[in-house]
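Q: Could you take me through one part of this structure up close, and then show me what sits around it? I'm in my first year, so plain language would be great.

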Amino acid sequence: MKSRHKRFIAIMVGLLLLSAAAALVLNAFRSNLVFFFTPTQVAGGEAPKSSAFRIGGMVKEGSLFRDSEKGSFVVTDTQKDVVVKYHGMLPDLFKEGRGVVAQGQLNAQGEFVASEVLAKHDENYMPPEAKHAMDQAAARKAAETVKP
Amino acid sequence: MIPELGHFALILAFWIALAQGVLPLLGAATGHLGWQSMAKPVTAVHFGLLLLAFLALMWSFVVNDFSVLYVSQHSNSLLPTGYRMAAVWGGHEGSLLLWAFLLAFWSIAVAVFSRTLPLAMSARVLGVLGLISTGFLAFILTTSNPFDRLLPAAVDGRDLNPLLQDVGLIIHPPMLYMGYVGFSVAFAFAIAALLSGRLDAAWARWSRPWTLVAWVFMTFGIGLGSWWAYSELGWGGWWFWDPVENASLMPWLFGTALIHALMATEKRGGFKAWTVLLAIGAFSLSLLGTFLVRSGVLTSVHAFASDPRRGVFVLIFLAVVVGSSLTLFAWRAPKVSMGGRMGLISRESFLLANSVLLVVATGAVLLGTIYPLIIDALNMGKLSVGAPYFNAVFVPLLAPVLFLMVPGVAASWKEAQLHQLVLRLRWVALGSLLLACGVPAILQRMGQGEWLWRTSLGLFLSAWILFGSLKHVLERLRQSGRIPLSYWGMQTAHLGMAVLVVGITMVKGYELERDVRIGIGETVTLRDFTLELKRMENVDGPNYKALRATLEVKKDQRIVAELTPEKRRYFSTAMPMTEAAIDSGWMRDLYASLGDPVEPHPQTGAPRWNLHVYDKPFISWLWAGVLLMVLGGLIATLDKRYRRSSTRVVQA
């Protein structure tokens, strides 16, 4: 009888610990989801004001600018532009007129302060998020031209 | 002609694999000895055909046959021959062929080394391996044929991705695949045991060395991948929680749980059902990993879904493997005895707790890896799960695993006394605690970096494992009797884990980085090092041009190293590549990567470049730890017991 009690307690403690682990995982998961927004969505105020998110699109031609410590470029989905500020080095694949994805937060001026400008390991590459942003903008444009 | 020969061999291999999958299993089910004994010769033919197909593809790469579509996409006539041979597994189709080839290789190894296995058992194991191969070959032949021709032939190939042109990455995929595919042997043994209804100590003993070898390859492959990312990508990181990395980490975590659970099953007959589930899980995750990395689903879910043949095949294949093995499990497992009783505090209970934690950790990684893909596939928006999630989850889940490693080794099987354990380990605990607080305190006093609780935790755990192992080894040496090789293997691998944790802790706690703009003659200081940019020059490689910076590193006015980071531009892709320069040492690495030219110096007008330099303390310990784990696994595999035990089975 006693050993059965012991076993029951052991199983209960095990389950309790497992649910604690699950709670930990899900909580960490929820607070670390990073959502993606297109420049149009950011311009429309859909993006969160005080938490990190990702933005993607094309690097606008001629928009890359570096001063002594920091730099900036403009990311566009051909309809709306967002200024992205960064510091440090840009990834190898970064180029004007190419796709880009950045992670960071909006500042008070509505500029996007990037903590990370993302690179992938492929040359014929358009980041999927950036492509998504361009496709969305193109679809909207097509819809607008049909409407009137 | 050669590619057609390879294609033909591949088609034949498919039918042979089908025969290998069906006949021996039928023979084992009906007791037909002739069919059972066909397993081995058929396996040999299967291997021969896949070797032929593999060599045919490699030949096409070596002779620059750009009329083969796959070759034209992944090679180039300027590429050195060694890289051309390695380009076989530079893409989706060739990787799958490598997978199938290695599976045939493992199968023939099982056939050769299983002479002492009962005929029905080896027939079942080879049969299951044949079925897996059938599925893979069907996938290759219907959706991803590497021998497809390109008409008219390309004048020159598109070249191998420059990032893949590195020795580390040439051997990384085969090592990793040896691990992935090796788990299919553990899986086949588990399924064979379920089919025969004999889940016993003998099954665990047969399965263990195979699983260990697979785990060794996997460990080495992951370590190599991490080292490659560190030395090639030029971002100074060694683990990015990228889906590609997670895909290999998940089966590794399961495999680690599996090799420990197999030991409990062999020694004590404990938690057999759980061990079988781990074997099924490890293999399913290996399959998932292969497909995740090589199917293109990560680059774009929609592009993947738009070529539905591949996606549908992958999903069906996974569903069949997981579904059928779990069904078999549900059907057979109730017949399995629960195994010996274990006490609440015993080696079994510690092993069980750790394997559960490893499974939970795998689940957490799976969630973070798959969830964004599912949400994207369902068109519910785009999101990503970043490194902070994985770090937040991994530390609390794996710290107890590391902690339990010591009492797990110290405790006896069946039933141990808690107060005795506490008594035996009290000095180990005290010593580790002192070290964990002392070292960061001293380093803070020396101005090397802040004292973080994570640093203390990591140092405590590694000291705990190190001292605990040492104490156990000393106790064991004082006892009489020969110490088996598997014991030394275990202690070496555990020591490797401790060394790995030291590396991770010190890098995370004390690394420094500086991001500067620098011209010739200017300096940058990093801790007590002074780096001066001496010169910039153009260098020509076989298929690229590079800009090379030469940095002189001084400490206390003495030159201690020279770093030459490069920025390369490959002819075929016009894609720039950062080639980092690393000065490695036991206590620290100095790491430099060269960025783009920036605007000239404001006063002098001299040209300047972006430069990123890092000081990475103890990062070599990461690789040393991985190598120790690999070594430990190899030592354990060499244990005589595995050979002797199989002969005993024959005599019985």
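A: Let's start where H3(B) passes H6(B), in a left-handed crossing. Keep in mind that this is a predicted model. H6(B) covers residues 92-113 of chain B, and the two helices pack at an angle of about 150 degrees with their axes 9 Å apart. An angle over 145 degrees counts as roughly antiparallel, so H3(B) is roughly antiparallel to H6(B).

Which residues do the touching? On the H3(B) side they include Phe47(B), Leu50(B), Leu51(B), Phe54(B) and Leu57(B). Across from them, H6(B) brings residues such as Leu97(B), Phe101(B), Phe105(B) and Ile108(B). Sort the residues of this contact by class and you get 14 nonpolar, four polar and one charged.

H3(B) has another helix to deal with. H3(B) itself spans residues 39-62, and it also packs with H7(B), residues 119-143, at an angle of about 30 degrees, the axes being 10 Å apart. Angles under 35 degrees count as roughly parallel, so H3(B) is roughly parallel to H7(B). The crossing of H3(B) and H7(B) is left-handed. Here Ala39(B), Lys40(B), Thr43(B) and His46(B) of H3(B) meet a group in H7(B) that includes Ser122(B), Leu126(B) and Ser133(B). By class, the residues of this contact are three nonpolar, five polar and one charged. Lys40(B), Thr43(B) and His46(B) turn up in the contact with H7(B) and also in the contact with H6(B).

Now zoom out a bit. The domain assignment of chain B puts residues 1-160 in domain 1, 172-401 in domain 2, 404-506 in domain 3 and 512-621 in domain 4. Taken over C-alpha atoms, the centres of domain 1 and domain 4 of chain B are 44 Å apart. Each of these two domains still gives six residues to a contact between them. On the domain 1 side, that's three nonpolar, one polar and two charged residues.

Next up is a sheet in chain B. Four strands form an open sheet in the order S2-S11-S10-S9, with antiparallel pairing. S2 and S9 (581-583) stand at the edges with a single partner strand each, so one side of each has no neighbour in the sheet. From one strand to the next, the twist averages 20 degrees. Want to see one pairing in detail? S2(B) and S11(B) run antiparallel and are joined by eight bridges, and Arg517(B) has Asn610(B) as its bridge partner in S11(B).

Finally, there's the meeting with the other chain. Chain B puts 33 residues into the contact and chain A puts in 24. Among the elements giving two or more residues to chain B's side are H14 (347-377), H15 (387-410) and the strands S2, S10 and S11. H15(B) supplies the largest share, six residues. That side of chain B has 17 nonpolar, 12 polar and four charged residues. Strands link the chains too: S1 of chain A (residues 33-37) runs antiparallel to S1(B), and three bridges join them. One pair to look for is Val34(A), whose bridge partner in S1(B) is Ser384(B).

Conventions
Residues are numbered from 1 along each chain as its sequence is written. Chains are lettered from A and ligands numbered from 1 in the order in which they are written. This is a predicted model: local features need pLDDT of at least 70, side-chain atom pairs count only at pLDDT 80 or more; totals for chains, interfaces and linings use all residues. Axes are lines fitted to C-alpha atoms, for helices over the stretch in contact, and angles run from 0 to 180 degrees between N-to-C directions. Angles under 35 degrees count as roughly parallel, over 145 as roughly antiparallel, 65 to 115 as roughly perpendicular and the rest as oblique. A crossing is left-handed if the near helix is turned anticlockwise from the far one by less than a right angle, and right-handed if clockwise. Two residues are in contact if their C-beta atoms, placed from the backbone, lie within 7 Å. Ala, Val, Leu, Ile, Met, Phe, Trp, Tyr, Cys and Pro count as nonpolar, Asp, Glu, Lys and Arg as charged, and the others, Gly among them, as polar. Two strands pair if DSSP finds at least two bridges between them. Domain bounds come from an automatic or database domain assignment.
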